[in-house]
Each structure stands twice: as C-alpha cells, then as structure tokens.
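Biologist: Please pick one part of this model and take me through it closely. I'm new to this, so keep it relaxed and then lead me outward from there.

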Amino acid sequence: MFPETRMRRLRSGSLLRDLLSESSIKKEKMIMPVFIDENLKTRKPIESMPGIFRYGTEDYLKYIQGLADKGVRSILLFGIPSGKDAAGSSSYDRNGIVQTAIRGIKDSTGITVIADLCLCEYTDTGQCGIMQGQLVDNDSTLTTYRKIAHTYADAGVDIIAPSGMMDGQVGAIRDELEKSGYSNTLIMGYSAKYASNLYGPFREAADSAPRIGDRKSYQMDYRNSREALRELELDLEEGADMLMVKPALFYLDVLREARVNFSLPLAAYSVSGEYTMIRNAVEQGFLGKDAITESITSIFRAGADLLISYFTEYVCSGNLDE
Ligand code: PBG
Ligand code: ZN
C-alpha cells in the first residue's frame with residue numbers, strides 16, 4: 001500500500017529499468033524472411049514493403065552472406081519460380097529456385113536455413129494446393145508437399161516450414177522425411193495460421209495472390225481462438241518440432257494461449273502487413289523508431305520463443321536504410 005509501496009521506485013533510472021526488465025529482444029531468436037526470384041538477376045524493390053527486396057539469381061548469395069555478417073542467424077526462404085502451372089510442378093524441381101538456393105547458402109554460410117513449403121508461388125491459380133473443381137483438394141496436395149519436402153531435404157535444408165494449412169501436412173512431411181533417411185530434418189508447423197488481411201504485401205512480394213477465390217477454406221477464421229489450440233495440438237501429434245502462431249500482433253492472445261498450453265518451442269510470424277504498417281508510420285515520422293522495438297518486444301513478452309520478422313535485419317544492424 002502507498003506510501004510504503006511506490007511503483008515509481010522501480011523506474012527511477014535507466015540502469016535500474018534494464019535490471020528489472022522482464023523481456024528482451026535477442027538477435028539469435030530472430031528469423032529474416034528472404035525472397036529469391038528466378039526471373040531476376042539482381043534485386044528489385046517490393047513496392048508495398050519499403051526496404052525489402054526480391055533478390056535475383058546473381059545477388060541473393062551476397063545479400064545472405066551480408067546478413068550473416070550483420071549477425072542474422074536464421075533465414076526463411078521463399079522462392080518465385082520462372083514458371084507456374086496447375087500442378088505447381090516447379091516447386092519440386094530438384095534444381096528449382098529454392099532447392100538451388102538452399103545448396104548455395106549451405107555451401108557458403110553457417111546460417112540456419114528454413115524453407116517455406118507451399119504451392120501458392122508455383123500454381124497458376126495462386127492457391128496453396130491443387131484444385132479439384134472449385135476447391136483445393138487436401139489429400140492430393142499432400143502428395144505434392146511430400147515431393148517438395150524430399151527435394152528440400154536432399155538440398156540440405158535445416159528446417160521445413162509448411163504454410164499451406166492442409167490437414168495432415170506435418171504428418172505427411174514427417175513420414176516422407178523418415179522414409180527417405182532425413183530423420184534429423186526439423187519441421188516448423190505454421191500451426192495456427194489465420195486467413196488474415198495482413199498478408200497483402202507478401203502476396204506482391206512472392207507473387208502468390210490467389211487468382212480465384214480466397215484462402216478461407218483452409219486458413220483459420222480470425223474470430224476463433226479455441227480452434228487454434230486444436231490446430232497446435234494436431235501439429236504436435238503429427239511430429240512438428242516447433243509450433244507457430246501467425247500473424248503476431250493482432251493475435252497476441254492466441255500466442256499467449258499457445259505458450260500456456262504447449263511446451264514446444266513456439267514461433268510467431270510478424271507478417272508483411274505488420275511490417276508495412278509500422279515501417280510506413282515510422283518513415284513518415286508519425287511514430288518514433290522505438291515503436292519497432294516495442295512491437296517486437298510485445299511479441300516476446302506474449303510468449304514467443306522465436307520470431308520471424310522483416311525487421312530482423314534492422315534489429316541486427318541497427319540501420320533501417322540498408
Ligand atoms: C504462403 C505464405 C504466406 C505467408 C507466408 N507463407 C501468404 C499467404 O498465406 O497468403 C504470409 C507472410 C507474410 O504476410 O509476411 N502460404
Ligand atoms: Zn501458400
């Protein structure tokens with residue numbers, strides 16, 4: 001009770017505040033998404049994401065080596081192929097864009113390579129799976145996911161991250177890895193992934209917007225949180241090594257629920273729309289730069305162990321303009 005208890009005693013100086021801080025941002029817990037475009041030789045800006053580029057076949061390695069030099073420890077790879085078709089067949093090409101990049105990166109850096117596994121960048125429909133009539137067909141899509149996982153593992157990927165929200169995707173990939181001798185390849189499940197409006201800029205970045213329909217028949221409804229616990233539970237049962245909640249900032253309640261209910265490492269994905277909102281407000285001077293740090297801290301405070309963020313490079317380098 002006041003006056004014996006004075007909360008302001010805890011905040012009276014910056015060293016004291018540091019001493020008593022409950023959460024912090026750790027570079028080694030952060031993952032930088034990287035877009036590699038088979039159609040480009042050198043980088044091209046992504047209009048909706050200031051400071052973020054698609055890299056081309058001739059400059060992605062140099063960029064990633066630069067990230068490693070700045071202290072970035074992990075990257076999440078997305079590929080934009082030169083050709084799309086109904087089956088998304090360029091996704092499981094042994095010499096596809098992601099497979100080639102994985103080999104190149106693992107040969108030249110010590111960085112941890114996580115590869116997103118999905119079909120929306122590779123299908124002519126822009127859907128995350130194979131269409132049958134008007135619907136994305138779950139089980140035939142799993143057959144394709146297995147093929148992709150196999151080629152990623154052959155290329156030497158560290159972690160496979162299936163993002164398509166097909167039922168059974170983690171189990172199918174785990175089974176494929178086990179059968180092909182890759183029992184040490186990790187799986188990061190995009191377990192509770194919502195059908196969010198915040199993916200807009202990404203779809204420009206990865207050229208993966210659905211040409212027809214939307215993703216609501218497989219991604220989660222944003223009105224639900226108990227359902228997220230079921231999704232997380234299933235990924236755990238199917239053999240995921242770590243779980244994820246995505247997006248992050250609008251879903252901190254879900255993240256906290258996940259933290260309380262599961263003991264697996266828990267990732268959060270602070271998605272493209274979160275980056276764009278904050279970055280633009282900072283750029284225009286409407287928010288201070290520290291809003292970036294505050295937003296990232298809030299995600300760790302809510303319970304994330306790992307964070308995929310487009311601000312990872314900035315956090316490691318301290319420079320927004322590179
Ligand atoms: C592909 C995928 C998406 C994101 C990651 N993997 C887009 C989507 O599901 O529409 C979103 C990432 C972001 O917005 O930063 N399935
Ligand atoms: Zn997808």
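**Around ligand 1**

Modeller: Let's begin with R203: an N or O atom in the side chain of R203 sits 2.7 Å from an oxygen atom of ligand 1. That is a polar contact, meaning a pair of N or O atoms within 3.5 Å. S272 has one as well, with a polar side-chain atom 2.7 Å from an oxygen atom of ligand 1. On the nitrogen side of things, S163 has a side-chain N or O atom 3.1 Å from a nitrogen atom of ligand 1. The protein covers 100% of the 400 Å² of accessible area that ligand 1 has on its own (Shrake-Rupley method, 1.4 Å probe).

Before going on, keep in mind that this is a predicted model: local features need pLDDT of at least 70, side-chain atom pairs need 80 or more, totals for chains, interfaces and linings use all residues, and side-chain values use heavy atoms, without hydrogens or water. Residues are numbered from 1 along each chain as written, with chains lettered from A and ligands numbered from 1 in the order written.

So who else is around ligand 1? Its surroundings are made up of 18 residues (each with a heavy atom within 4 Å). The closest are K193, R203, K246, S272 and Y310, so you have met R203 and S272 already.

K246 deserves a second look. Besides being among the closest residues to ligand 1, K246 is joined to P247 by a cis peptide bond, with omega near -10°. P247 falls in the loop between β11 (243-246) and α8 (252-261). Those labels are DSSP runs, numbered from the N terminus: helices are H or I with at least four residues, strands are E with at least two. There is also a cis peptide bond between F2 and P3, where omega is about 10°. You'll find P3 in the segment before α1 (14-19).

While we're on backbone quirks, try M165. Phi of M165 is near 60°, a positive value even though this residue is not a glycine. M165 is in the loop between β8 and α5, and M165 is buried at 7% relative accessible area (buried is under 20%, exposed over 50%, partly exposed in between, with a 1.4 Å probe and protein chains only). D207, also not a glycine, has a positive phi of about 50°. D207 lies in the loop between α6 (200-205) and α7 (226-238) and is partly exposed, at 30% relative accessibility.

Now for the metal, the zinc ion (ligand 2). Its protein donors are the SG atoms of C118, C120 and C128, 2.2 to 2.3 Å away from the zinc ion. Donors are N, O and S atoms within 2.8 Å of the metal (3.2 Å for Na, K and Ca), and with water absent, sites may look incomplete. Along the sequence, these donor residues follow the spacing C-x1-C-x7-C. Both C118 and C120 are buried. The 4 donor atoms around the zinc ion subtend angles of 101 to 121°, so the arrangement is tetrahedral (for four donors, all angles between 85 and 135 degrees).

Last stop: salt bridges, of which the structure holds 13. Each is a Lys or Arg side-chain nitrogen within 4 Å of an Asp or Glu carboxyl oxygen. In one of them, the side chains of D158 and K106 come together at 2.7 Å, N to O. This pair links distant parts of the chain, 52 residues apart: D158 is in the loop between α4 (138-155) and β8 (159-162), and K106 is in helix α3 (residues 97-108). D158 is partly exposed at 23% relative accessible area, and K106 is partly exposed at 28%.

D175 takes part in two bridges worth following. With R146, the D175 side chain meets at 2.9 Å, N to O. Again distant parts are linked, 29 residues apart: D175 is in helix α5 (residues 169-179) and R146 in helix α4. D175 also bridges to K179, with the closest N and O atoms 2.9 Å apart. D175 and K179 share helix α5, 4 residues apart, which is about one turn of the helix. As for exposure, D175 is partly exposed at 27%, R146 is partly exposed at 23%, and K179 is exposed at 64%. Add E176, and you get a network of salt bridges linking R146, D175, E176 and K179.

Conventions: Tetrahedral: all angles 85-135°; square planar, octahedral: opposite > 155°, others 65-115°. Polar contact = N/O pair within 3.5 Å; in protein donor to acceptor, adjacent residues only side chain to side chain.
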